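Trainee: I am new to this structure and would like a close look at a single part of it. Please pick one helix, go through it slowly, and then show me what surrounds it.

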Amino acid sequence: MDKVYYFDNAATTRVSPEVMEEISDYFTKSYYNPSSIYTPAQKCKELVEKARKRVADAVGADPKEIYFTSGGTEADNWAIKGIADAYGHKGRHIITSSIEHHAVLHTCEYLESKGFEVTYLPVDEDGLVRTEDLLAAIRPDTILISIMFANNEIGTIEPIEEIGAIAKERGILFHTDAVQAAGHVPIDVNKMNIDLMSISGHKLYAPKGVGALYIRKGIKIKNLLHGGQQERGRRATTENVPGIVGLGRAIEDAVSHMEEETARQARIRDKIIDSVLKSVSHCRLNGSRTKRLPGNVNISFEFVEGESILLLLDMNGICASSGSACTSGSLDPSHVLLAIGLPHEKAHGSLRLTIGRFNTEEEADYVIEKLPPIIDRLRQMSPLYEQYLKENGEK
Amino acid sequence: MMYSEKVMDHFMNPRNVGEIEDASGVGTVGNAKCGDIMKIFLKIEDGVVLDAKFKTFGCGAAVATSSMATELIKGKTIKEALEITNKAVMEALDGLPPIKVHCSCLAEEALHAALWDYAEKNGIVIEGLEKPVNDISEHEDLPQEE
């Protein structure tokens, strides 16, 4: 099996050739520390500032509101802990959702251990946060609302503009984890009243190990990393120049091709969804059909278990992921699938295929061809399927 | 790959998949909630396991341990069959990742459940065989890999 059919772009993406070309010099030729005063180092500093402007432009922010980080996880940690630390004297209540990435959920749990109270909003069957639930959860001591822009597992895009409007009206800060959304769907931090936003490089064809946190001007936030005066004194550590340059280039490229690329990916996505739902019995699409990331497919297959599906897909060169317990390292399946109301057994049989810029329609056709026999093969050895057939007189 | 070649072989080419219509004993263990169900069928004559089949809902390790457990039990006397522990199944598969050890425990339990069913149906007592627990989630002290 030589060809790799990579359908796990929500996990990470390939660095694009354009990004690779732009950053390659900054490892061996122009490797200087941007904090140094000599001319070559100052050139590196300019590059970092150019990248900052590119990131800012991509989300409608001012460059002074963009702070580079080591990735999405650090951005989430910094936003939530930094705000809790800075505004904890005003209130100790935080609102988030039950389907956040662990970088947000576990950070909130950490803050609970430090005396903060956290409300985890439920979601509807599509994975959407209901604004009425949000309104009901707001208290006088609520200091932060953190709701993800789009979910990494089921691809549901949350009503960010509505949530932002509510947060602004109530004078509560609003953070969104936009790791899956940035560069994939239009974002305007002002129009959407976003106060803090996490971005990751390696989900949009930049290298791993770089991300950014947008912090609206005027917001107080405590530092997560203490040390030097980088990032205007807010985030210490020598700048990851190649990573930062790569993130700038990647997000600019993503935004400039967003319209056609979104349409192309959505076409491939819908083809896979329609075809699989039609050719395989007893399966369902997880997440919203319409408010959905253009590259996300998430389907639950009854009577089979996700890791088994992944292993058989892998034997065919297809890379995908699942929300089954066996792939999470615990006995419980994905918290996202449970939150949208899936019973455990259906959550165990979930498959996520995430389409990216480098996937072709031919690759999708290959997946569409290989997947149904794999499900059938696993069902043939499943006692649950046997039981179902007996109970329904299909045998 | 997280699994040994043997595990992958038994996952990709599972031995003894299916059912035995007139099985002497059938054991089903696990539950859909935790993601693994194993059903093992045994054909026993004159105190010897002549045939074994299985059906399994679960991950790669669950399928592979079912396959190996049925392979190991075939041709064994009941006394010998009781000596097939989860460790024996794991060793025969060249090991399992630590988080998959519970699959081998489930395979051992499925064999015991099938033997228990056989004993009950025939009104006999198999020395050293305890009534199986059908729900793995109730086990607090799952053995860890050494």
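Mentor: The account below begins with one helix of chain A and then moves outward to the cores and the two chains.

This is a predicted model, in which local features need pLDDT of at least 70 and side-chain atom pairs count only at pLDDT 80 or more, while totals for chains, interfaces and linings use all residues. Residues are numbered from 1 along each chain as its sequence is written, chains are lettered from A and ligands numbered from 1 in the order in which they are written, and side-chain values use heavy atoms, leaving out hydrogens and water.

The part to look at is helix H9 of chain A, residues 258-279. Helices (H or I, at least four residues) and strands (E, at least two) are DSSP runs, numbered from the N terminus. H9(A) has 22 residues, and the distance from its first C-alpha to its last is 31 Å, close to the 32 Å expected at 1.5 Å a residue. That expected span is 1.5 Å times one less than the number of residues.

Which residues of H9(A) are buried? They are Met258(A), Glu261(A), Gln265(A), Ala266(A), Ile268(A), Arg269(A), Ile272(A), Ile273(A) and Val276(A). Buried means under 20% relative accessible area, exposed means over 50%, and partly exposed lies in between (1.4 Å probe, protein chains only). These residues lie on the same side of H9(A) because they cover an arc of only 165° around the axis. The arc is that of the directions from the helix axis to the C-beta atoms. On the face turned away from the buried side, H9(A) carries the exposed residues Glu259(A), Arg267(A) and Lys278(A).

The buried residues of H9(A) have several packing partners, all in chain A: helices H8 (241-256) and H14 (361-380), and strands S9 (283-285), S10 (296-301) and S12 (350-354). Contact here means heavy atoms within 4.5 Å.

One residue of the helix leads on to the core. Ile272(A), buried in H9(A), is among the residues with the most contacts inside the largest nonpolar core, together with Phe301(A), Ile309(A), Leu351(A) and Leu42(B). A nonpolar core is a set of buried Ala, Val, Leu, Ile, Met, Phe, Trp, Tyr and Cys residues joined through side-chain atoms within 4.5 Å. This core has 75 residues, and its largest share, 12 residues, comes from helix H5 (residues 101-122) of chain B. Apart from it lies another core, of 62 residues, among them Ile66(A), Ile147(A), Ala250(A) and Val336(A). In soluble globular proteins, nonpolar side chains tend to be buried together.

Leu351(A) is worth a look of its own. Leaving aside residues up to four places away in sequence, Leu351(A) touches Val297(A), Asn298(A), Ile299(A), Phe301(A), Ile309(A), Leu310(A), Leu313(A), Ala320(A), Ser321(A) and Leu371(A).

Now the chain around the helix. Chain A has 15 helices and 12 strands, and 60% of its 395 residues are buried. Its C-alpha trace spans about 75 × 55 × 35 Å along the principal axes. The radius of gyration of chain A is 22 Å, which agrees with the value near 21 Å for a compact globule of 395 residues. That radius is taken over C-alpha atoms, and the globule rule is 2.2 Å times the number of residues to the power 0.38. Among contacts in chain A between residues at least 6 apart in sequence, 71% join residues at least 24 apart.

Chain B also contributes to the largest core, through H5. Chain B has 5 helices and 3 strands, in the order α-β-β-β-α-α-α-α along the sequence. Its radius of gyration is 14 Å, which agrees with the value near 15 Å for a compact globule of 146 residues. Of these 146 residues, 55% are buried.

Two loop residues complete the picture. Thr237(A) sits in the loop between strand S8 (211-215) and H8 of chain A, has a positive phi near 125° although not a glycine, and is partly exposed at a relative accessible area of 41%. Asn16(B) lies in the loop between helix H1 (5-12) and strand S1 (25-31) of chain B; its phi is near 65°, again positive in a residue other than glycine. At 12% relative accessibility, Asn16(B) counts as buried.
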